[in-house]
Amino acid sequence: MSNNLPGGSGWHRKAVLAVTIIGVAVMTFLIVGLLMNIQERKEEAKERFLKLVDLTDDTVDPAVWGQNFPRQYDSYKRTVDMVRTKHGGSEAIDKLTNPRLVTLYLGYAFSQDFREDRGHAYMLQDQDETRRVKIVNQPGSCLHCHAAVMPAYRKAGGGDVMAGFKKICAQDWHEARKLVDHPVSCVDCHDSKTVQLRVTRPGFLNGIQELADFLADTRGAQERSRRGDSTHDGYRELFPHLSSLERYAAANAGTPRPQRNRYDVNKEATRQEMRSFVCGQCHVEYYFKKGEGNLLVYPWSKGLKVEQIESYYDERQFTDWNHKITGAPLLKAQHPEFETWNQGIHARSGVACADCHMPYKREGAVKVSDHHVRSPLLNIARACQSCHRYAEPEILARATAIQDRTKELLDRAEFALTDLIQAIKTAEEKKAPAAGLAAAKALQRKAQWRWDFVSSENSTGFHAPQECARVLAEAIDYARQGHISLLAPPRE
Ligand code: HEC
Ligand code: HEC
Ligand code: HEC
Ligand code: HEC
Ligand code: HEC
């Protein structure tokens, strides 16, 4: 029809052409815009691999890593925050305002200065400032968990980390302190080339090897008892959540220790295991081997439970100090978070330290791990609600209930122990029979070790509620048994 209009067809065609051109232009613009946006998002998501500076294993300064990974660095810096929770949090509260702790630690530096832990940013400063390094000559071993120390080990050992570790452990603390400048840094948990998680700490590498061999030994014993070749009861504790250790145990059960291959944690551990192992580098029970230049050792060769570690120390007749009033040879528990977590339902269900203490958060198109390591109770939405679909107040109430119950048992154990100390003192003044006194002091050691294992663990029972209650029940019982042994001494 339009063809009949004189000149109209030409005008119309031009109009259609113009509209089409404009339309295509607009569409192109939109599509390009969309593609650019998608590209930008993808770049954002890939951003973690954006390399602005070259990192090496000697790059300890987190600010340099921060140029490549600004998001992780930003949250890492926030570990300076100080917020209290009911039983924990990050203020350096003086634990010794509880007078029972002063009595229990009498004769040891912990009766002079002992505080609540706070954020990673303070670890070096807090070690510098504690009276425990001023009134006692501490060894270089202390730095293993309070600084980015690996380059110093490499240097001191001429490239050999283990040799450097030994050397620096044996040094005086003040001398060793000059070798480090930074608290725990990126390079302590990440490979500088691939950013993969890895563990570096010699104390942990040695300790986890001992644990792996212990698991292989007990598995061997179990297999022999099944075959009827031994009188072992056949029971063996499983570590379902530490699957690479179980694999090592299965492969080496029949092989004597010297002929086994080493367990290479950085190659064999699963990613989920690594999300706890990086923390297990420091959040553990430890002691210094006096005969070997104060070498730092994690006492794991008989297992991770309180009585297994106790029997390790008993075999070596190891004592941290003698109690000032009773003279009993006592042990100081440090911060057995890793050991305690291992006994809990979360660990056994495959929940790692990082799941609660470094949960994911979304920033734009990127999922980042929150490097503001802190109390998960300050971050319930991300730390707990990813798994537990209850309202925040209910989750908090459940966690607090566990902690309140633990605290009540801790108090009872403290009263039982301070009563025992008083009773031993009185018995000694009255020249009570030696057998009763010796039994009471041995029981003081057992009771105090168990109480301290829960008291110095920093979750107030949360990491393994039932286990902590069991340990405290034993502590109370041993302390009261000690009391009874003074009233009715065992026969000589
Ligand atoms: C299921 C979650 C969860 C897992 C897994 C977990 N924790 Fe915790 N952790 C908590 C809670 C809850 C607290 C109590 C915090 C409070 O009292 O404010 C806590 C407390 C702590 C504290 C003391 C924090 C403070 O505020 O003083 C440290 C240190 C700690 N955990 C380390 C670890 C380590 C190391 C691991 C792994 C071996 C681990 N946690 C595994 C939930 C978890
Ligand atoms: C195996 C690792 C490790 C070693 C070795 C170690 N620490 Fe710690 N230290 C930690 C961890 C983990 C915390 C945080 C948990 C806590 O406070 O219980 C901590 C906390 C502290 C604190 C702050 C809380 C408090 O106890 O007052 C001080 C101070 C401290 N350590 C001093 C020392 C001194 C001194 C030495 C050497 C005698 C030492 N540390 C050796 C891991 C270690
Ligand atoms: C190099 C040793 C080291 C490593 C590795 C390490 N920590 Fe710590 N952590 C410490 C020390 C030391 C402190 C105590 C600092 C202080 O009180 O000044 C601490 C404190 C903490 C606190 C208390 C923070 C607060 O706000 O109260 C938590 C929670 C914690 N660490 C969890 C973890 C988790 C989870 C991991 C693994 C992802 C981990 N840590 C890895 C040494 C370490
Ligand atoms: C105490 C150990 C620890 C320290 C110190 C640490 N990280 Fe991480 N980082 C982790 C853990 C655990 C993850 C989770 C990794 C996983 O699940 O594979 C992680 C993940 C990452 C990732 C991968 C992306 C993500 O967010 O999950 C990057 C990148 C990263 N960290 C950078 C850094 C930088 C930069 C620093 C120093 C400013 C640093 N980290 C310090 C433990 C640590
Ligand atoms: C990655 C998943 C995951 C995260 C994160 C997690 N939980 Fe759990 N939680 C579990 C599993 C699995 C169980 C075991 C019970 C089950 O199988 O249903 C459990 C059990 C519990 C229990 C019962 C404990 C007991 O001894 O019976 C409490 C309380 C609890 N969680 C609180 C918390 C709190 C508080 C947080 C955050 C700090 C948290 N959970 C974070 C998975 C998780």
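How do the residues of the shell around ligand 1 divide into nonpolar, polar and charged? In this predicted model, the division is ten nonpolar, 14 polar and three charged.

**Surroundings of the ligands**

Ligand 1 is surrounded by 27 residues. Thr85, Gly88, Cys353, Cys356 and Ser375 are the closest of these. Three helices, α13 (271-280), α15 (337-342) and α17 (353-357), each contribute at least two residues to the shell around ligand 1. Helix α17 contributes the most, with four residues.

Around ligand 3 there are 25 residues, and those that come nearest are Ser90, Asp126, Cys279, Cys282 and His357. Here at least two residues of the shell come from each of α5 (123-129), α13 and α17. For ligand 3, α17 provides the largest share, three residues.

Ligand 2 has 23 residues around it. Asp117, Thr130, Cys142, Cys145 and His335 come nearest to ligand 2.

The table lists the make-up of each shell by class.

| Shell | Nonpolar | Polar | Charged |
|---|---|---|---|
| Ligand 1 | ten residues | 14 residues | three residues |
| Ligand 2 | eight residues | eleven residues | four residues |
| Ligand 3 | eleven residues | nine residues | five residues |

**Helices α19, α20 and α21**

Helix α19 covers residues 392-429, and its axis comes within 10 Å of the axis of α20, with a crossing at roughly 155 degrees. The two helices, α19 and α20, are therefore roughly antiparallel. Their crossing, that of α19 and α20, is left-handed. On the α19 side the contact is made by Thr406, Leu410, Ala413, Glu414, Ala416, Leu417, Leu420, Ile424, Ala427 and Glu428. On the α20 side it is made by Gly436, Leu437, Ala440, Lys441, Gln444, Ala447, Gln448, Trp451, Val454 and Ser455. By class, the contact of α19 with α20 consists of twelve nonpolar, five polar and three charged residues.

Helix α20 (residues 434-455) also packs with helix α21 (residues 465-487), at an angle of about 160 degrees and with the axes 8 Å apart. This angle makes α20 roughly antiparallel to α21. The crossing of α20 and α21 is left-handed. Residues of α20 that meet α21 include Gly436, Ala439, Ala440, Leu443, Trp451 and Phe453. Among the residues of α21 in this contact are Cys468, Val471, Leu472, Tyr478, Gly482 and Leu486. The contact of α20 with α21 divides into 14 nonpolar, five polar and three charged residues.

Some residues of α20 can be followed from one contact to the other. Gly436, Ala440, Gln444, Ala447, Trp451 and Val454 are among those in the contact with α19. Gly436, Ala440, Gln444, Ala447, Trp451 and Val454 are also among those that meet α21.

**Isoleucine 208**

Is isoleucine 208 buried or exposed? Isoleucine 208 is buried, because 26 other C-beta atoms lie within 10 Å, and the cut-off for a buried residue is 20 or more. Isoleucine 208 is placed in helix α10 (residues 202-227). Leaving out residues up to four places away in sequence, isoleucine 208 touches Tyr263 and Val265. Isoleucine 402 is 194 residues apart from isoleucine 208 along the chain, and the C-alpha atoms of the two are separated by 29 Å.

Key: Residues are numbered from 1 along each chain as its sequence is written. Chains are lettered from A and ligands numbered from 1 in the order in which they are written. This is a predicted model: local features need pLDDT of at least 70, side-chain atom pairs count only at pLDDT 80 or more; totals for chains, interfaces and linings use all residues. A residue is near a molecule or strand if its C-beta atom, placed from the backbone, lies within 6 Å of it. Ala, Val, Leu, Ile, Met, Phe, Trp, Tyr, Cys and Pro count as nonpolar, Asp, Glu, Lys and Arg as charged, and the others, Gly among them, as polar. Axes are lines fitted to C-alpha atoms, for helices over the stretch in contact, and angles run from 0 to 180 degrees between N-to-C directions. Angles under 35 degrees count as roughly parallel, over 145 as roughly antiparallel, 65 to 115 as roughly perpendicular and the rest as oblique. A crossing is left-handed if the near helix is turned anticlockwise from the far one by less than a right angle, and right-handed if clockwise. Two residues are in contact if their C-beta atoms, placed from the backbone, lie within 7 Å. A residue is buried if 20 or more other C-beta atoms lie within 10 Å of its own, exposed if 12 or fewer, and partly exposed in between; C-beta atoms are placed from the backbone.
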